[in-house]
Amino acid sequence: MTGTTSPRLRDALAAGSLVLDGGMSNQLESAGYDLSDALWSARLLAERPEAVTEAHLAYFRAGANVAITASYQATFEGFARRRIGREEAARLIALSVELAREAVRQARREGIARPLWVAASAGPYGAMLADGSEYRGRYGLSVTELERFHRPRLEVLAGAAPDVLALETLPDTDEATALLRAVRGLGVPAWLSYTIDGDRSRAGQPLEEAFALAADADEVIAVGVNCCAPGDVELAVRTAGRVTGKPVVVYPNSGEAWDAGTRAWKGRSTFRAEQVEAWRDAGARLVGGCCRVGPDAITSIARTLGGAGAP
């Protein structure tokens, strides 16, 4: 149950294109919150949960159909470094889903009637390290060790009843394999999304090989890419659709580069809403933005796609 009047996301994807939200962190920063902490936006789950709900609501107002929760860096290990015990960490991880649900309820009260869904974010192991290694992969851990890391958090997220699990920003096939194992039996569908460089994963594997892992995974309802340069999206969309036959999800960043040393974005934005038409024509069904892509861009995407997401 979604707690809304929306159909199942799997069914909606079969019917047409949908709009994802944009970057959680930049929306929070624009509201004046300091995210320099290693927990990033997950810190506000404990300190300012209402700010997270307001960020989700801003994207629903902008035209998004899907809110991605602020759990990307919410892990038991990350919270433990802040002396937050396991029971409280589990509560905060589950709270990320409830805050997005609250944004849905507030959107309904404001008269937003289009279908709305909640995607529970599960970021890569490297996100917990907070050193930029999610853009490199190959952490020196086995697939079994990575599965052991991811499964407890996924169990908590699934227990909070999101519409879908967003297995996102994956840099290599080892982590994808681990996550595909970890989601089995949870009873919640998932999408699988890599961060890429050109026609390869960040760790250098061909995208054909990377996407093929999800082709026969019944739990996976969409595959694609996120937090990559906008110019890399179109080829990835075509490859993902061809290899898996599944709907394709894309939400690139602004095109700027992340400097892990200074924890800041550098360069210039290359994200243009007009690119969305090419992504849609290539087969993208879930389209939005990642880091540094805000509500204005999401409104432009919704208007370009038309249909369910247009504000």
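Colleague: Where does Asn 226 sit?

Modeller: In strand β8, residues 220-226. The model is a predicted one.

Colleague: Why does Asn 226 count as buried?

Modeller: Its relative accessibility is 0%. Buried means under 20%, so Asn 226 qualifies.

Colleague: Which residues is Asn 226 in contact with, leaving aside its neighbours within four places in sequence?

Modeller: Glu 168, Thr 169, Ser 193, Tyr 194, Thr 195, Tyr 251 and Cys 290.

Colleague: What makes the approach of Thr 169 to the side chain of Asn 226 a polar contact?

Modeller: The backbone nitrogen of Thr 169 lies 2.8 Å from a polar atom of that side chain. The cut-off for a polar contact is 3.5 Å, so the distance fits.

Colleague: Now Asp 172. How do you know that it has no salt bridge?

Modeller: The nearest side chain of opposite charge is Arg 138, and it is 4.5 Å away. A salt bridge needs a separation within 4 Å, so this one does not count. Asp 172 is nonetheless buried.

Colleague: What lies 2.7 Å from a polar atom of the Asp 172 side chain?

Modeller: The backbone nitrogen of Arg 138. That value is within the 3.5 Å limit for polar contacts. Asp 172 itself is found in the loop between β4 (164-170) and α9 (173-182). Beyond four places in sequence, its contacts include Gly 137, Tyr 194, Ser 201, Ala 203 and Gln 205.

Colleague: On to the aromatics. How many pairs are there?

Modeller: The count comes to five aromatic pairs.

Colleague: Why is the pair of Tyr 125 and Phe 149 called edge-to-face?

Modeller: The planes are 80° apart, and the centres are 5.0 Å apart. A pair needs centres within 6.5 Å, and edge-to-face needs planes over 60 degrees apart, so both tests are passed.

Colleague: What does that pair tie together?

Modeller: Tyr 125 lies in helix α7 (residues 125-129) and Phe 149 in helix α8 (residues 143-159), so the pair links parts that are 24 residues apart in sequence.

Colleague: What makes Tyr 125 and Phe 149 buried?

Modeller: Tyr 125 has 16% relative accessibility, and Phe 149 has 9%. The limit is under 20%, so each counts as buried. Together with Tyr 139, they form one aromatic cluster.

Colleague: How do you know that Phe 271 and Trp 279 are edge-to-face?

Modeller: Their centres are 6.0 Å apart, with 70° between the planes. The distance is within 6.5 Å and the angle is over 60 degrees, so the label holds. Phe 271 is buried at 9% relative accessibility, and Trp 279 is buried at 2%.

Colleague: Trp 279 is in α12. What makes the buried residues of α12 line one face?

Modeller: The buried residues of α12 (275-282) are Val 276, Trp 279 and Ala 282. Seen down the helix axis, they fall within an arc of 125°, so they line one face.

Colleague: What do the buried residues of α12 pack against?

Modeller: α11 (233-244), β9 (248-251), β12 (284-287) and α13 (295-305). After α12 comes Gly 283, with a positive phi near 125°.

Colleague: Which residues of α13 are buried, and how do you know that they share a side?

Modeller: Ile 298, Thr 299, Ile 301, Ala 302 and Leu 305 are the buried ones. Their arc around the axis is only 160°, which puts them on the same side of α13. Asp 296 and Arg 303 are exposed on the other side. The cover over the buried residues includes β1 (18-19), α4 (49-62), α12 and β12.

Colleague: Last, the loops. Why is Arg 83 called exposed, and Ala 161 partly exposed?

Modeller: Arg 83 has a relative accessible area of 81%. Exposed means over 50%, so Arg 83 passes. Ala 161 has 34%. That falls between 20% and 50%, so Ala 161 is partly exposed.

Colleague: What are the phi values of Arg 83 and Ala 161?

Modeller: Arg 83, in the loop between α5 (76-81) and α6 (86-109), has phi near 60°, a positive value in a residue other than glycine. Ala 161, in the loop between α8 and β4, has a positive phi of about 65° and is not a glycine either.

Definitions and conventions: Residues numbered from 1 in each chain as written. Heavy atoms only, no water. Helix = DSSP H or I, 4+ residues; strand = E, 2+ residues; numbered from the N terminus. Buried < 20%, exposed > 50% of the residue type's maximum accessible area, 1.4 Å probe, protein only. Lys, Arg positive; Asp, Glu negative; His and termini not counted. Polar contact = N/O pair within 3.5 Å; in protein donor to acceptor, adjacent residues only side chain to side chain. Contact = heavy atoms within 4.5 Å. Arc of directions from axis to C-beta. Phe/Tyr/Trp six-rings, centres within 6.5 Å; stacked < 30°, edge-to-face > 60°.
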